[in-house]
Amino acid sequence: MKNEFKNYKPLIYAIIYAIVIWIGILFLSKSHYFVNNMYPSFYQKFYPIYAKLWGWIPVSVGDIFYIVLIILLIWTLILGVRCFVFGQTWRGIRIVSRLIFIISTFYIIFHLFWGFNYYKPNLKDDFNIVDIQLDELKFMADDLLNKSKELRDSIVEDKNGVFTFRRKQFYSSLPKSLQTSDLQLYYNQIPVSSEKKYSLFSYFMRYFGVAGYYNPFSGEAQITSGMPKTSIPFSMAHEQAHQMGYATEFEANFIGYLTCIQAKDKAMNYAGNYKALKYVLNEIYRYDTVFVRKKLEGFSDGMRRDRLAERAYHEKYSGTADLTFSAMNNLYLKANRQEDGIESYNRFVDLLVGYYRIETTDN
């Protein structure tokens, strides 16, 4: 009996360890002072340093880490199953215990290094956005279209007449910090020395419809290679926003937009306005399809070529994998306090409305 209990001791300790971590995170996430004051104050100082840790290396360290981790987990699971099948129960229990310890440790690291940003108040609360009118959205669409058309005429094209962009342009034109009228951005310092990298998983990410992702364990922002050039500046800025502590997708979209329009590069200015225009038109389409069609017809020749290049890309890579990932991403977002799931990306328009209201009033 004693030997049998001794065999299960590692598993008992591992379960206790996991429960303690889970309760600790739950307690901290419910603490108003911690999520509103302590953690934001810590992360404000932490992220500019953390983003530099592996940011200077051109290859994604985080991707390599994930590859090694996946291989080790698969190998560990195989060993565990083998132990139970061949009657080496005590060894199997030890392997399961180690897995619980490892997963629990990564869970707390994820929260300490970044995940607690999910629990802090988001920018929508600061804007206090209510009663969005359709005419308001249409005004924004007209303004964004005019800005996009004007900017598009003065940027570089490739041999096919499509917008082109090099990643180096992103770093050379970034502002040191983001500014908004009458709204204090707590995380506003841009980690300019942290390279935004092409993910080693880019081939698969194209088929899953992923433009990029942030690795909270290495502090790296990664984008998908081979995607349309019009998506590169905004995607880089979006993942950089995650680096800065904006956890929700709609906040990252908004900070990405601000980054692009405040950059000293017309190509980035265009990409930010063009992306915002697409989101606004997508929102208006639910209520007035005729208006949206007229706006699309009002695209300049260059904008039309950019749009056709984007459509060709999405038609090439869209499919079952894209739908599968969307469902998985939807579950992940809902599990991390984004109740709208993938629809949370579209809440970027709400923040854009709040921003326009402030800027219009001030001007």
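**Helix H3 and the aromatic contacts**

Helix H3 covers residues 61-85, and its 25 residues should span 36 Å at 1.5 Å a residue; the end C-alpha atoms lie 36 Å apart, so expectation and model agree. The structure discussed here is a predicted model.

Certain residues of this helix are hidden from the surroundings. The buried residues of H3 are Gly-62, Asp-63, Tyr-66, Leu-69, Gly-80 and Cys-83. These buried residues pack against helix H4 (89-113), strand S2 (212-215) and strand S3 (220-223). Just after H3, Gly-87 adopts a positive phi of about 80°.

Attention may now turn to the aromatic rings. Across the whole structure, a search finds 42 aromatic pairs. One of them joins Phe-65 and Phe-106 in a tilted arrangement, with 5.7 Å from centre to centre and 55° between the planes. Because Phe-65 belongs to helix H3 and Phe-106 to helix H4, this pair ties together parts that are 41 residues apart in sequence. Phe-65 is partly exposed, since its relative accessible area is 31%, and Phe-106 is likewise partly exposed, at 24%.

Trp-114 and Tyr-118 form another aromatic pair, which is edge-to-face: the centres are 5.3 Å apart and the planes meet at 75°. Both Trp-114 and Tyr-118 are buried.

Aromatic rings also lie beneath charged groups in this model. The charged end of Arg-152 sits over the ring of Tyr-270, at 5.9 Å from the ring centre. In the case of Arg-167, the charged end sits over the ring of Tyr-198, 4.0 Å from its centre.

Terms used:
Residues numbered from 1 in each chain as written. Predicted model: local features only at pLDDT ≥ 70, side-chain atom pairs only at ≥ 80, totals over all residues. Heavy atoms only, no water. Helix = DSSP H or I, 4+ residues; strand = E, 2+ residues; numbered from the N terminus. Expected span 1.5 Å × (residues − 1). Buried < 20%, exposed > 50% of the residue type's maximum accessible area, 1.4 Å probe, protein only. Contact = heavy atoms within 4.5 Å. Phe/Tyr/Trp six-rings, centres within 6.5 Å; stacked < 30°, edge-to-face > 60°. Lys NZ or Arg CZ within 6 Å of the ring centre and 35° of its normal.
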